[in-house]
Amino acid sequence: PGCGPFKHRVEVDPKFFDKSWKKLDDAIREIYNHNASGLSFEELYRTAYNMVLHKHGGRLYDKLAENLKGHLREMGKLVEAAQGGLFLEELQRRWADHIKALQMIRDILMYMDRTFIPSSKKTPVFEHGLELWRDIVVRSPKIHGRLVDTLLELIHRERMGEMINRGLMRNTTKMLMELGSSVYQDDFERPFLEVSASFYSGESQQCIERCDCGEYLKNAEKRLAEESERVSLYMDAKTADKIANVVDKEMLSIHMQRLFLMENSGLVNMLINDKHEDLTRMYDLFKRVPDGHSTIRSLMASHVKETGKILVTDPERLRDPVDFVQRLLNEKDKYDEIVSVSFSNDKTFQNALNASFEHFINLNNRSPEFISLYVDDKLRKGVKGAANEEDIETVLDKVMMLFRYLQEKDVFEKYYKQHLAKRLLSGKTSSDEAERNMLVKLKTECGYQFTSKLESMFTDLKTSQDTMQSFYANLSGDSDGPTISVQILTTGSWPTQPCATCNLPPEILGQTNMGNADIKATFGDRKHELNVSTYQMCVLMLFNSTDTLTYKEIEQNTAIPPVDLKRCLQSLACVKGKNVLRKEPMSKDISDSDAFHFNDKFSSKLVKVKIGTVVAQKESEPEKQETRHRVEEDRKPQIEAAIVRIMKSRRVLDHNSIVTEVTKQLQARFLPNPVVIKKRIESLIEREFLERDKVDRKLYRYLA
């Protein structure tokens with residue numbers, strides 16, 4: 001007999017599923033009724049295991065779903081019945097029960113979860129339980145609207161200053177998040193953002209009517225902080241940026257222009273009154289708003305240009321160049337501090353500030369002269385209150401900032417050379433170290449050529465000093481004779497001063513407008529030694545032969561230029577304590593009809609009296625024109641050299657390109673005038689350095 005396969009019929013009880021399900025159904029009811037402690041989970045697990053094993057997974061899954069729906073409908077009714085403030089508490093209580101029950105049910109049906117559900121592509125037990133809670137409870141017609149309204153109402157009350165149960169809020173929003181991000185977003189976040197937009201739109205309208213700009217920004221900052229805290233306490237972290245954007249738009253973006261331009265409290269008022277705290281707040285708040293920073297920047301730049309223009313074009317201010325520059329420096333310090341403290345040292349703000357200063361400083365063509373006079377004043381007297389070289393260094397650094405803004409640096413150089421020459425030759429400089437530091441700064445900024453002649457002025461002084469020492473060392477005999485100090489200057493290094501005719505003894509030669517002398521004078525029975533300039537000496541010597549002379553007579557006898565003569569007479573007759581002459585009529589200004597008398601009543605405690613010359617604070621109009629003319633003449637060869645350099649490398653170029661290139665090359669020293677460039681090109685064509693193209697007259701060719 002053959003051996004066949006082993007066959008064993010397993011007898012299955014036809015009521016196996018119903019009996020097994022009843023056992024599970026009863027257990028689930030007990031779980032929802034908080035009576036789970038008496039259940040045998042091992043037995044229940046085995047029951048469910050066998051049901052799946054016997055291919056009843058599909059029916060079990062459907063029965064479970066029906067069962068859960070029944071329990072959730074009961075729970076929903078209890079939640080619906082809760083009154084007022086108890087509504088959320090009841091919802092939370094039932095949610096906690098449901099989650100606890102789901103965890104136990106999931107454990108019992110673990111085998112189904114692991115085998116049947118993946119193969120049949122159904123939702124796992126726990127997740128399915130959440131979906132049913134969402135559809136039957138959260139989104140039931142009587143709960144859904146009430147839930148959203150309750151949450152929004154509580155948030156509104158909190159915004160109005162009431163205390164609310166934040167723990168309950170956190171648990172409720174957490175429930176929505178656990179039901180899936182789309183549930184949280186659709187059922188809470190979206191309506192929350194819409195209501196918030198409406199709330200902040202209304203609040204901002206009211207606030208802007210009654211608050212000034214500073215108060216309004218404080219309120220906006222406070223609201224942003226509150227919303228950020230609210231999110232961190234009971235919302236999804238991703239909501240933070242969304243609600244911040246709502247507040248930014250409704251409170252800041254929409255009202256930006258009105259806030260910035262508010263009369264007596266807007267941006268300009270904050271800048272004028274150095275309201276650093278308010279400006280910091282404005283900067284921080286509006287960095288989140290589109291065009292926020294660029295609008296602040298352009299308004300600040302406009303204001304700086306406007307106030308700067310008033311500063312540099314006010315005729316009153318132009319009377320005192322030192323005060324003029326000091327005001328510019330104060331203004332620069334003020335805005336530097338604002339950018340540093342309030343605008344987080346933002347480079348774009350610093351650049352806007354620099355551009356604004358450059359704009360208005362160059363509106364006044366005397367700025368180069370005035371900045372040089374300011375340096376002259378500081379290096380002549382030393383900085384007021386300056387304890388050391390470091391303080392002078394700080395002032396010079398600040399001046400260099402203004403110097404960088406100048407478009408006509410060559411004009412500054414012209415004046416600086418003149419002022420430096422006067423300081424050095426009259427021995428009025430307060431610190432050699434500071435003078436040399438200033439030269440180093442100029443050299444660093446503009447290169448060697450800018451300062452080479454200035455440096456050789458110092459070399460000349462050292463040479464002169466050594467020569468005089470050697471001269472006196474070789475002198476033998478009478479040491480009681482008059483002493484002289486001669487400065488030997490290199491022609492070309494020093495500013496050319498027209499050496500005016502001045503009636504001196506024939507053997508004395510030199511720059512009469514730069515020298516000085518000691519003369520002995522007798523006033524009644526008092527003898528004094530007067531240290532005076534060469535011009536003052538010439539004037540005083542005239543009074544050896546007469547007691548009274550008119551202005552015209554002095555002018556004829558000395559041949560001193562009128563501008564210098566008037567300054568010279570002012571210092572001899574109008575300075576208290578130094579008035580060795582008397583003027584009639586007595587006044588500060590010198591006129592052609594004045595008469596001068598030797599003042600025999602002059603007295604001083606000192607035997608040696610130094611009589612300074614009244615310093616010309618700024619050039620007179622004719623002097624200014626003369627300097628301007630000299631600058632224009634000096635520019636011509638520089639422009640020509642630039643044109644030749646460019647044409648040598650490019651060979652052929654059109655007119656506009658030459659103008660652009662020349663401007664680019666020379667703008668570090670000055671901005672050349674296109675009309676002047678055109679004239680220099682014509683001059684170079686005449687001298688056969690360039691020629692015009694035969695066909696295209698706008699093209700130039702370089703002739704080697």
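How exposed is R651, going by its relative accessibility? In this predicted model, R651 counts as partly exposed because its relative accessibility is 39%, and partly exposed covers the range between under 20% and over 50%. We'll come back to R651 after a look at the sheet.

**The sheet**

Three strands make up an open sheet, running β1-β2-β6 in order and with mixed pairing. At the edges sit β1 (516-523) and β6 (608-610), each with pairing on one side only. From one strand to the next, the twist averages 30°. Strand β2 covers residues 526-533, and its pairing with β6 is parallel, over three bridges. If you want a spot to look at, try L530, which stands opposite V609 in β6.

There's a helix to go with this: α23 (residues 534-542) lies across β1 and β2, and runs at about 135° to β2.

**Backbone oddities**

Now for the loops. Between β4 (581-584) and β5 (595-598) you'll find P585, and the peptide bond leading into P585 from E584 is cis, with omega near -10°.

Then there are R651 and E688. R651 has a positive phi without being a glycine, and E688 likewise has a positive phi in a residue other than glycine. Here they are side by side:

| Residue | Phi | Loop |
|---|---|---|
| R651 | near 65° | between α26 (621-650) and β7 (652-654) |
| E688 | near 65° | between α28 (674-686) and β8 (690-692) |

What about the accessibility of E688? E688 comes out at 62% relative accessibility, so E688 counts as exposed, the cut-off being over 50%.

Key
Residues are numbered from 1 along each chain as its sequence is written. This is a predicted model: local features need pLDDT of at least 70, side-chain atom pairs count only at pLDDT 80 or more; totals for chains, interfaces and linings use all residues. Side-chain values use heavy atoms; hydrogens and water are left out. Two strands pair if DSSP finds at least two bridges between them. Helices (H or I, at least four residues) and strands (E, at least two) are DSSP runs, numbered from the N terminus. Axes are lines fitted to C-alpha atoms, for helices over the stretch in contact, and angles run from 0 to 180 degrees between N-to-C directions. Contact means heavy atoms within 4.5 Å. Buried means under 20% relative accessible area, exposed over 50%, partly exposed in between (1.4 Å probe, protein chains only).
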